[in-house]
Amino acid sequence: MKYLIEVSYEGVGKLTLAEEGGKLTDLHFERSRDIISGDLRREETPLLAEARRQLDEYFSGARRSFELPLAPQGTPFQLRCWEALRKIPYGTTASYGDIARAAGSPKGFRAVGMANNRNPIAIIIPCHRIIGSDGKLVGFGGGLDVKSFLLRHEAGFLKGE
């Protein structure tokens with residue numbers, strides 16, 4: 001059974017979080033088309049309460065990384081991409097090519113784009129930190145305005161704003 005809660009933050013809107021078996025499985029934006037499936041129950045578990053606490057800290061500028069047990073579901077390549085995303089430091093960005101190389105597929109930047117698109121645990125697996133090779137913001141399930149907000153949020157706290 002999956003347990004889920006909804007939380008809301010200024011700048012990003014409503015987020016839906018889900019956990020199963022003591023691990024976070026989903027964090028989706030309201031406007032993304034991702035659907036949490038399975039046997040669902042709307043109830044805050046200890047893990048979801050901790051995820052909410054860590055998100056509160058992230059959005060207040062007190063947290064730069066997350067310490068939660070995660071269980072994203074994907075292909076082996078997607079899992080490698082998502083693990084590479086988690087290594088991008090707070091307040092910095094990387095390109096699709098950077099992630100392709102880190103995932104062991106140097107020419108797989110398009111496949112990285114698809115893996116990013118399928119990231120089931122947004123923010124915590126920081127797909128918002130991926131930009132085009134030309135430095136432009138590209139594709140994001142929460143919308144480019146939310147991606148821009150998250151990048152400015154992190155940059156602002158790095159500068160002490």
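## Working through a predicted model: exercises

**Exercise 1. Decide whether Glu 67 is buried or exposed.**

Start with the number: Glu 67 has a relative accessibility of 59%. The cut-off for exposed is over 50%, so Glu 67 counts as exposed. Keep in mind that this is a predicted model, so what you're reading is computed from it. As for its place, Glu 67 sits in the loop between α1 and α2. Now look back along the chain to Glu 50: the two are 17 residues apart in sequence, and their C-alpha atoms are 9.4 Å apart in space.

**Exercise 2. Work out whether Arg 63 is buried or exposed, and find what it touches.**

Arg 63 is also in the loop between α1 and α2. Its relative accessible area is 11%. Buried means under 20%, so Arg 63 is buried. Next, list its contacts, skipping neighbours within four places in sequence: Arg 53, Gln 54, Glu 57, Tyr 58 and Tyr 90. Finally, try a long hop in sequence: Glu 154 is 91 residues away along the chain, yet the C-alpha atoms of Arg 63 and Glu 154 are separated by 9.9 Å.

**Exercise 3. Find which residues touch the most other members of the largest nonpolar core, then follow up on Ile 123.**

The core has 42 residues, and Leu 17 and Ile 123 are the ones with the most contacts to other members. Which elements feed this core with two or more residues each? They are β1, β2, β3, α1, α2, α3, α4 and α5. The top contributor is α1, with 6 residues.

Now zoom in on Ile 123, in the loop between α4 and β6. With a relative accessible area of 1%, Ile 123 is buried. Leaving out residues up to four places away in sequence, Ile 123 touches Leu 15, Leu 27, Phe 29, Leu 55, Tyr 58, Phe 59, Phe 66, His 128 and Leu 150. One oddity to note: Ile 123 has a positive phi of about 70°, although it isn't a glycine. For background, nonpolar side chains tend to be buried together in soluble globular proteins.

**Exercise 4. Say which residues of α2 are buried, and how they are arranged around the axis.**

First, pick them out: Phe 77, Gln 78, Cys 81, Trp 82, Ala 84 and Leu 85. Then check their spread: they cover an arc of only 155° around the axis, so they're on the same side of α2. What do they pack against? The partners are α3, α4 and β6.

Do the same for α4. Its buried residues are Val 112, Ala 115 and Asn 116. They fall within an arc of 100° seen down the axis, so they line one face of the helix. Their cover includes α2, α3 and β6.

**Exercise 5. Describe how α2 and α4 pack, then look at Asn 116.**

The axes are 9 Å apart and meet at an angle of about 80°, which means α2 is roughly perpendicular to α4. From α2, the contact uses Phe 77, Gln 78, Cys 81, Trp 82 and Leu 85, and from α4 it uses Ala 111, Val 112, Ala 115 and Asn 116. Sorted by class, that's 7 nonpolar, 2 polar and no charged residues.

Asn 116 belongs to helix α4 and, with a relative accessible area of 10%, is buried. Its contacts, not counting residues up to four places away in sequence, are Trp 82, Leu 85, Tyr 96, Cys 127 and Ile 130.

Terms used
Residues numbered from 1 in each chain as written. Heavy atoms only, no water. Core = buried A, V, L, I, M, F, W, Y, C linked by side-chain atoms within 4.5 Å. Buried < 20%, exposed > 50% of the residue type's maximum accessible area, 1.4 Å probe, protein only. Helix = DSSP H or I, 4+ residues; strand = E, 2+ residues; numbered from the N terminus. Contact = heavy atoms within 4.5 Å. Arc of directions from axis to C-beta. Axes fitted to C-alpha atoms, helices over the stretch in contact; angles between N-to-C directions. Parallel < 35°, antiparallel > 145°, perpendicular 65-115°, else oblique. Nonpolar A, V, L, I, M, F, W, Y, C, P; charged D, E, K, R; others polar.
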